[in-house]
Amino acid sequence: MNIQTSAPAKIILVGEHAVVYGKPAIAVPVSSLRAYAEVEPSSGGLQIASADLDEMVPVDISAATIDNALALTARLVLQKLAASPPEVTIRLHSDIPIASGLGSGAAVSTALARALCAALNAALPEAELNALIYEVEKVYHGTPSGIDNTVIVYEHPVYFVRQQPIQTVVIGGDFMLVIADTGRSASTRSAVDGVRALYDSRHEQVQALLDDIGELVAQARGCIERGQAQALGDLMNRNHALLQQLTVSSPELDRLVKAALDAGAFGAKLSGGGRGGNMIALVAPDSEGKVTDALTRAGAARVFTTILGRRARC
Ligand code: PMV
């Protein structure tokens with residue numbers, strides 16, 4: 001048995017948080033950063049070994065409730081396939097930082113579900129796998145919009161609107177993105193809850209911010225389709241300002257955003273739940289080095305580059 005499966009990280013280009021309220025958002029996979037699952041024969045029933053979390057999760061599919069996301073993933077796969085647990089250990093390993101807006105939870109669960117399917121000699125269509133990972137996301141996030149599981153399972157750029165079919169984004173040019181980690185992990189659930197509390201207490205004001213984000217996401221899609229990096233960068237800057245008003249930025253994120261802009265980025269913003277985690281900067285290829293250096297000097301724990309290119313479609 002030599003089975004290895006994987007799933008990518010993701011970033012949200014524009015539209016996080018507003019997407020929870022029915023506005024569009026655009027997310028892209030980061031294929032160079034992945035979660036992996038490997039299957040080994042075992043004699044102790046189905047077990048999931050998570051190297052990064054240093055835990056061994058036995059899967060008891062008869063338990064009344066399961067609050068461990070890994071065990072829940074396995075149980076949902078077994079139920080979907082009407083299969084008994086195979087005698088295997090599935091070893092998980094991820095290069096994606098946890099709780100940092102890069103979709104590590106959805107990626108690990110997706111790699112695990114694929115490995116379990118492979119161990120059972122079965123396959124789940126991507127739409128079914130996507131729905132299943134969405135159920136698991138609820139354990140991590142409470143009320144997820146579904147954008148993370150969608151971009152990660154399909155591994156394509158998505159223009160995502162909650163409860164609507166996935167829409168195609170045609171990539172009209174190459175967009176270079178520098179991603180920097182504040183080094184501070186942050187709970188998406190508590191950021192989403194914070195925005196909800198604000199929405200409930202200052203409804204009209206917050207609704208206006210969400211409407212503005214929705215409009216700029218629609219414009220961003222046009223910029224991506226026409227290959228207009230400078231215009232997309234301007235929209236990312238506006239999006240970051242609106243996210244600040246939604247209270248989901250942080251001093252670390254603001255410092256990195258400013259450092260990237262001062263070093264010549266077209267635009268920069270937090271990405272994902274915020275209050276920590278990662279930010280993204282859109283750069284011209286000839287300013288990538290300068291922006292990367294500036295982010296490192298400004299305290300980024302990790303900086304890397306990914307390209308959203310013409311070949312990517314959803
Ligand atoms: O999982 P994260 O931190 O990348 O955040 C997901 C994006 C949010 O819009 C904040 C939440 C959601 O469910 O869409």
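**Exercise 1.** In this predicted model, determine which residue stands opposite Asp181, and then place that pair within its sheet.

*Solution.* Asp181 stands opposite Arg302, a residue of strand E10. The next step is to look at the strands themselves: strand E7, which spans residues 175–181, pairs with E10 in the antiparallel sense, and 7 bridges join the two. Widening the view, one finds an open sheet of 4 strands with antiparallel pairing, in the order E8-E9-E7-E10. Its edges are formed by strand E8 (267–271) and strand E10 (302–308), each of which pairs on one side only. Direction ignored, neighbouring strands of this sheet are turned against each other by 25° on average.

**Exercise 2.** Find which strands helix H7 lies across, and state its angle to E8.

*Solution.* Helix H7, made of residues 229–245, lies across E7, E8 and strand E9 (278–283). With respect to E8, the helix runs at about 45°.

**Exercise 3.** Decide whether Lys10 is buried or exposed, and describe its surroundings.

*Solution.* Begin with the location, which is strand E1, covering residues 3–14. The relative accessible area of Lys10 is 1%, and because buried means under 20%, Lys10 counts as buried. Now follow the side chain of Lys10, which reaches the backbone oxygen of Gly101 at 3.0 Å. Finally, list the contacts, leaving aside neighbours within four places in sequence: Lys10 is in contact with Val28, Pro29 and Val30, with Gly101, Leu102 and Gly103, and with Asp148, Val151 and Ile152. Gly101 therefore appears both in this contact list and as the residue whose backbone oxygen the buried Lys10 reaches with its side chain.

Methods: Residues are numbered from 1 along each chain as its sequence is written. This is a predicted model: local features need pLDDT of at least 70, side-chain atom pairs count only at pLDDT 80 or more; totals for chains, interfaces and linings use all residues. Side-chain values use heavy atoms; hydrogens and water are left out. Buried means under 20% relative accessible area, exposed over 50%, partly exposed in between (1.4 Å probe, protein chains only). A polar contact is a pair of N or O atoms within 3.5 Å; within protein, one must be able to donate a hydrogen and the other to accept it, and residues adjacent in sequence count only if both atoms are side-chain atoms. Contact means heavy atoms within 4.5 Å. Two strands pair if DSSP finds at least two bridges between them. Axes are lines fitted to C-alpha atoms, for helices over the stretch in contact, and angles run from 0 to 180 degrees between N-to-C directions.
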